[in-house]
Amino acid sequence: MTVGIIILVIVVLLALWAVGIYNNLVKLRNNRENAFANIDVQLKQRHDLIPQLVATVKGYANHEKEVLMRVTEARSAAMNATSINDKIQAENALTSALAGLKISLEAYPDLKANQNFLQLQNEISDIENKLAAVRRFFNSATKELNNAVQTFPSNLLAGIFGFKKEPMFEVPQAERADIEKAPEIKF
């Protein structure tokens, strides 16, 4: 009879241990999803500002249609992405398209002095700063989940329950060279 009780206690303890690990994994996954919901709020504001920016630029840069089309298409793809991973890819493409627009705008000194353009540029800059902050939070939440999924002993149960390593929200490879390059200062 005592052996039966000992076995029962061990089984109950193992079950409680498994439930604790599972609940922690669920909390970490939900935290990651919540972090991405914060990104979604900022992305919505970004998406709402882009048509205004494109319309303002169109008046000055009629022959820059290819760049404007790329921004518009990237915005559309970003708005239509459904999964977190698809949204990450689409937003990285939109960020690249916006960087291309920024470069092409250097040729328009009148546009850079236009009040509407300056206001939109400031709003987009503000949104980009907020996006950077919520992306850092998202990546932190993703790192916590990935650590739990990949470390012992929770990795034993993570695979069984369908938890897997998730991607970070990283800077696209094409933009890494620009980020790593020292800023050019002109007087």
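A residue counts as buried when its relative accessible area is under 20%; by that cut-off K87, at 17%, is buried. The model described here is predicted. The protein contains 7 helices and 0 strands, and buried residues make up 35% of its 187 residues. The points below cover the overall fold, the salt bridges, the aromatic pairs, the surroundings of N139, a surface patch and a cis peptide bond.

**Overall architecture**

- Read from the N terminus, the elements follow the order α-α-α-α-α-α-α.
- Among contacts with a separation of 6 or more, 77% are between residues 24 or more positions apart.
- The accessible surface of the protein is about 11,800 Å², and carbon and sulfur atoms contribute 59% of that surface.

**Salt bridges**

- The whole structure holds 7 salt bridges, and those described below include links between helices as well as a link inside helix α1.
- D40 pairs with K87 in a salt bridge whose closest N and O atoms are 2.9 Å apart.
- Because D40 belongs to helix α1 and K87 to helix α3 (residues 84–104), this pair ties together parts of the chain that are 47 residues apart in sequence.
- The two partners are covered to unlike degrees: D40 has a relative accessible area of 27% and is partly exposed, whereas K87 is buried at 17%.
- E128 and R46 form a salt bridge through their side chains, with an N to O distance of 2.7 Å.
- Since E128 is in helix α5 and R46 is in helix α1, this pair ties together parts that are 82 residues apart in sequence.
- R46 is buried, with a relative accessibility of 2%, while E128 is partly exposed at 23%.
- D48 and K44 form a further salt bridge, in which the closest N and O atoms are 2.9 Å apart.
- Both D48 and K44 lie in helix α1, and their spacing of 4 residues corresponds to about one turn of the helix.
- D48 is partly exposed at 35% relative accessibility, and K44 is likewise partly exposed at 47%.
- R32, K164 and E166 are joined in a network of salt bridges.

**Aromatic pairs**

- The structure has 5 aromatic pairs.
- One of them is formed by F36 and F169, whose ring centres are 6.3 Å apart; the pair counts as stacked because the planes meet at 20°, and the cut-off for stacking is an angle under 30 degrees.
- This pair links distant parts of the chain, 133 residues apart: F36 is in helix α1 (residues 2–60), and F169 is in the loop between α6 (154–158) and α7 (173–180).
- Both rings belong to buried residues: F36 has a relative accessibility of 3%, and F169 has a relative accessible area of 4%.
- Y22, F161 and F163 together make up one aromatic cluster.

**Surroundings of N139**

- N139 is located in helix α5 (residues 115–150) and is buried, with a relative accessible area of 18%.
- A polar atom of the N139 side chain lies 2.6 Å from the backbone nitrogen of F169.
- When neighbours within four places in sequence are left aside, N139 is in contact with M168 and F169.
- F169 therefore has a stacked ring partner in F36 and a contact with N139 of helix α5.

**Nonpolar surface patch**

- I5, L8, V9, V12, L13 and L16 form a nonpolar surface patch of about 560 Å².
- One of these residues, V12, lies in helix α1 and is partly exposed at 40% relative accessibility.

**Cis peptide bond**

- Most peptide bonds are trans.
- The bond that joins F152 and P153 is cis, with omega at about 5°.
- P153 is located in the loop between α5 and α6.

Notes:
Residues are numbered from 1 along each chain as its sequence is written. This is a predicted model: local features need pLDDT of at least 70, side-chain atom pairs count only at pLDDT 80 or more; totals for chains, interfaces and linings use all residues. Side-chain values use heavy atoms; hydrogens and water are left out. Helices (H or I, at least four residues) and strands (E, at least two) are DSSP runs, numbered from the N terminus. Buried means under 20% relative accessible area, exposed over 50%, partly exposed in between (1.4 Å probe, protein chains only). Contact means heavy atoms within 4.5 Å. Accessible areas come from the Shrake-Rupley method with a 1.4 Å probe; for residues, only the protein chains shown count as cover. Rings of Phe, Tyr and Trp (its six-membered ring) pair if their centres lie within 6.5 Å; planes under 30 degrees apart count as stacked, over 60 as edge-to-face and the rest as tilted. A polar contact is a pair of N or O atoms within 3.5 Å; within protein, one must be able to donate a hydrogen and the other to accept it, and residues adjacent in sequence count only if both atoms are side-chain atoms. Patches are made of residues with over 30% relative accessible area and no salt bridge: like charges are joined within 9 Å, nonpolar side chains (Val, Leu, Ile, Met, Phe, Trp, Tyr) within 5 Å. A salt bridge is a side-chain nitrogen of Lys or Arg within 4 Å of a carboxyl oxygen of Asp or Glu.
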